[in-house]
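Q: I have a sequence and a model on the bench, and I would like to learn how to read them feature by feature. Could we go through them together?

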Amino acid sequence: MSISLLLLVVAVIGAVGYFIGSWRANALAGGKLSSLHSRPGYYGSFVALWAILPAVVVVFVWVIASPIYVNSTIRAGFPEEVKAEPQATQNLNYNMISAIARGFKVLTAEEREALFKDGAAARDVLASKGVPVAAEPAPYMLKSADDLNRMTNTSSTLLSILAIVVATAGAFLSYRSIAPKFRARNRVEGMMLVGLIAASSIAILTTVGIVASMFTEAVHFFNMVPAWEFFFGTVWDPRFAAAGATASAGQFGLIPLLAGTLYIGFVAMLVAVPVGLFAAIYMSEYASRHVRSVAKPLLEVLAGIPTIVYGFFALVTVGPFLRDISAQLNGLVTGNYSNFIQAQSVLTAGFVMGIMLIPYVSSLSDDIITAVPRALRDGSLGLGATRSETIKRVILPAALPGIVGALLMTASRAVGETMIVVLAAGVAARMQLNPFEPMTTVTVKIVNQLTGDLEFTSPQTLVAFALGITLFFITLCLNIYALYIVRKYREQYE
Amino acid sequence: MNMMSEAAVEKALDKKMNDISYKMIGKDVSVYYGEKRALYDVNLNVRENTVTALIGPSGCGKSTFLRTLNRMNDTIDGCRVTGRITLDTDDIYDPNIDVVELRARVGMVFQKPNPFPKSIYENVAYGPRIHGLAKSKSDMDAIVEKSLQKAGLWNEVKDRLHEGGTGLSGGQQQRLCIARAVAVSPEVILMDEPCSALDPIATAKVEELIHELRANFTIVIVTHSMQQAARVSQRTAMFHLGNLVEENDTDKMFTNPDDQRTQDYIMGRFG
């Protein structure tokens, strides 16, 4: 029985359990529902949950454990001379066996018998059925493949029986426990809680997993390149070595990339913060409900545009525009019509990224400004303050910590942005202060190092993980600090 | 700014000749929140240096009327006011009038104490600073001290003027809000259920304060407590379903009201 069919059967058992559970509760109540502790639906849900959950857990565990068991049993059956070979070769052999096993499934019983008698034709026969096998299989492989198939079948049958038994037993036992005083409602509530906790722990565990995987790769990198050369190096020049060569290590200085990241982020914030903040003030304090209902979604459309589209905008519109206008300006002043702003520059990337960030700033700040109690506004207006005085002297100071938090969150987005930078500021890792020249960021270099033919043992590739974990650490700090500030702000009004 | 019609001026003068001076005169005041009408042609005059209490069951329009007196309703989307309200001789809904100046003349204390998240000193200095009432630091100190004294809070906070205003107790916060309103030297102070969030002791203090403030200010107070209306006010106006039912001397109102509905409400038969 396939896994999906099995799960369907379990679900059906659960549904049946629900109905008999509520029916039983109704019968016990004998028309007087108030004599039950919980409403009948809760007894039904209780039975259904007990039928489904343990069975699903069994299926889940089995699906993970059984291939491991099968794998080790098959390997144990390898001939001694194969066992003596290195692990990598054994892995290849096992892969071949599973390919053959897959092939066996499409063969008829007679064809299989024929293969066992004459192993030499195996490769061609399987290939003719659309199952490619890497090499001519050794005789023991055919037998192992047959074993593999048999074991998988047995495992699947066992699982089906076990899951159905567990589901039925769960339903039966929980059905037995139904009594008028039984607190089904509280039990169901408890199981809901477990489900919710499971959902949130998945999110957290995933984060931990991502960090751990990046971290292990980064450690490999730091084994090859000293940490201080990475963190304090001022030259980024990771020469790609020819395959097999070990000598050319290149230089992996983080500083130019970090400088570019912070510089472009700074320019972006310079654009996004005033515009976004003023937009938020207008939306929350001045706009009539009608204007707000139209303008706010329009502004938030900006947030829905993929960043690569902003990149196009920078590449074909903003960049050339800035370049041309700089040439004109230069010509007017000095008579020499050469541009001093490059088409790809910190300014272009920062400007376009700033536009991208406007909706984040405005939407977050809008929420925070709106959260300032109306009583404070009334108090100030009632004293004869104008709207802008009220905003300047009461609302913004009250909302300031929250706004700072929002800005920090926005900054962490700016630091993590890639596509706009690739298209608008280029990929040249340079350290300089002129905003009219190209620079690049950490994220762009991560993409750079991980595109193309990769060799996951060379520092050129592994440096991406070191960069990634550095970036993660920066944005994590920004976010934690932002959350801390926002939380402190919330306490003020509660 | 003097846009009052001659008839209204005459009327105001008439009243003055009868030895009663009206600080504010409301004539045919109606308020609409969008489609919904909240006040029906209310004619209510507020006497100078008098405490006028507005009573009535919830939703009767008393707070709405109070808020028309300094145009706080303007801050609510879709709110529309018709009729005429004058302060002395100025029509406060005249398009030429400066609503900011109006609110400086007609101050307001709200239901829930709403000190700004600033120091006690800054809370009181807020209004004078906006209106430029103090020329120097010592002027400002004097205004703050005087206002806090008028609000009966000076002795309790004089040693911690620079601590946060939100750290005070509820009753102290409300008196701080009164001091804040007083600091602008308004002519009229509107109070919207100023004691509903306070305990009985703090309430007693605020009531005592209202009594003292009457000497310098004209006060209009909305209250749910009949006893409070009887204790602090000289005139009482009863609202019901957006209509002004009756307006009378407080003594008469609570002993021998003209209108049956007032009688019923005061006796607790509805509301």
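Q: Which residue in β7(B) does B:Met108 stand opposite?
A: The thing to look for is the pairing of one strand with its neighbour, and since this is a predicted model, the pairs should be read as features of a prediction. In this case B:Met108 stands opposite B:Leu190 of β7(B). The two strands concerned, β6(B) and β7 (residues 188-192) of chain B, run parallel and are joined by four bridges.

Q: What packs on the sheet there, touching β6 and β7 of chain B?
A: A sheet can be read together with the helices that lie against it. Here helix α7 (residues 170-182) of chain B packs on the sheet and touches β6 and β7 of chain B, and the direction of α7 makes about 170° with that of β6(B).

Q: In what order do the six strands of this open sheet in chain B lie?
A: One reads the order across the sheet, not along the chain. The order is β6-β7-β8-β3-β9-β10 of chain B, and the pairing is mixed. At the edges stand β6 (106-109) and β10 (243-249) of chain B, each of which has a single partner strand, so one side of each lacks a neighbour in the sheet. On average, neighbouring strands of this sheet are turned by 20° against each other, direction ignored.

Q: How many of the residues of strand β8 (residues 218-222) of chain B are buried?
A: Burial is read residue by residue, with a residue counted as buried if 20 or more other C-beta atoms lie within 10 Å of its own. Five of the five residues of β8 of chain B are buried, so the strand is largely enclosed by the rest of the structure. B:Thr218, B:Val220 and B:Val222 point one way from β8(B), while B:Ile219 and B:Ile221 point the other way.

Q: Which residues are the partners across β8(B)?
A: Each neighbouring strand is taken in turn. Strand β3 (residues 51-55) of chain B runs parallel to β8(B) over four bridges, with B:Leu54 having B:Val222 as its bridge partner. Five bridges join β7(B) to β8(B), also in parallel, and B:Ile189 stands opposite B:Ile219.

Q: What is the pairing in the open sheet of four strands in chain B?
A: The same reading applies, order and then direction. The order is β2-β1-β4-β5 of chain B and the pairing is antiparallel. Within this sheet, strand β1 (residues 22-33) and strand β4 (residues 79-87) of chain B pair over eight bridges, and B:Lys27 stands opposite B:Arg84.

Q: Which residues have the most contacts inside the largest nonpolar core?
A: A core is read as a connected set of buried nonpolar residues. The largest one has 146 residues, and those with the most contacts inside it are A:Ile264, A:Ala349, A:Val352, A:Val361 and A:Ile420. Its largest share, 15 residues, comes from helix α13 (residues 346-371) of chain A. Beyond its neighbours within four places in sequence, A:Ile420 is in contact with residues including A:Thr307, A:Ala349, A:Val352 and A:Met356.

Q: Why is chain A described as more spread out than a compact globule?
A: One sets the radius of gyration beside a rule for globules. Chain A, which has 18 helices and two strands, has a radius of gyration of 33 Å, well over the 23 Å that the globule rule gives for 494 residues, so it is more spread out than a compact globule. The C-alpha atoms of chain A fill a box of roughly 90 × 80 × 40 Å along the principal axes.

Methods
Residues numbered from 1 in each chain as written. Chains lettered and ligands numbered in written order. Predicted model: local features only at pLDDT ≥ 70, side-chain atom pairs only at ≥ 80, totals over all residues. Pairing = 2+ DSSP bridges. Axes fitted to C-alpha atoms, helices over the stretch in contact; angles between N-to-C directions. Contact = placed C-beta atoms within 7 Å. Core = buried A, V, L, I, M, F, W, Y, C linked by C-beta atoms within 7 Å. Buried ≥ 20, exposed ≤ 12 C-beta atoms within 10 Å, placed from the backbone. Rg over C-alpha atoms; globule rule 2.2 N^0.38 Å.
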